[in-house]
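Here are some short exercises to work through with the model open beside you. Try each one on the structure before you read its solution.

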Amino acid sequence: MIYRQAVEKDLKELAEIRWDFQHESYEVSTEISKEAFLEQCILFLKDGLNKGEWVYWIAEDSNTIVSQIFVRKIRKVPKPQCLIDEYGYVTNVYTRPHYRNKGIGKQLMEQVKLWAVDCDLEILIVWPSKEAVQFYERAGFKGENDIMELVIREDY
């Protein structure tokens, strides 16, 4: 198993995995064709990669991506004691069904955590599904903070 950051050649497969993830995890409307979704998702992923705003971590087995974790680096407003500071928003954490419960997601998250330390990120945050809470707790995430939100539009 190879654990690494994704590069441009990986983006099509990442978009395809995103499509699968959404259809497996949620009741997703099929108003958008898979082709249209892949086109827009690849553009989004490429833009984030090129701007250095997103880092896509993958676990690869025999040249096939089997697990992924996306991290959005978010720059904080400068403070007198720290002019440049960032935190990471973790999302799109997914392992293909056949590869689950083998420690691959755990090892991939360990790579993300080491990278976050190297990047001197202040914190990693995640909004997990109920099913994923234990995964994040085992990785050291804590749910001590309540998240408040103002819903402007109900999700589709």
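**Exercise 1.** Decide whether Asp 85 is buried or exposed, and find what surrounds this residue.

*Solution.* Step 1: Asp 85 counts as buried because its relative accessibility is 12%; buried means under 20% relative accessible area, exposed over 50% and partly exposed in between, with a 1.4 Å probe and protein chains only. This is a predicted model, where local features need pLDDT of at least 70, side-chain atom pairs count only at pLDDT 80 or more, and totals for chains, interfaces and linings use all residues. Residues are numbered from 1 along each chain as its sequence is written, and side-chain values use heavy atoms, leaving out hydrogens and water.

Step 2: place Asp 85 in the loop between strands E3 and E4 (86–95). Helices (H or I, at least four residues) and strands (E, at least two) are DSSP runs, numbered from the N terminus.

Step 3: list the contacts (heavy atoms within 4.5 Å). Beyond its neighbours within four places in sequence, Asp 85 touches Ile 74, Arg 75, Lys 76, Lys 79, Asp 120 and Glu 122. Arg 75 is 10 residues away in sequence, with 5.9 Å from C-alpha to C-alpha.

**Exercise 2.** Find which residues stand opposite Trp 57 in E1 and E3.

*Solution.* Step 1: E2 (residues 54–61) has seven of its eight residues buried.

Step 2: E2 pairs antiparallel with E1 (residues 2–5) over four bridges; pairing takes at least two DSSP bridges between two strands. Here Gln 5 faces Trp 57.

Step 3: eight bridges link E2 and E3 (residues 64–75), also antiparallel, and Ile 69 is the bridge partner of Trp 57 in E3.
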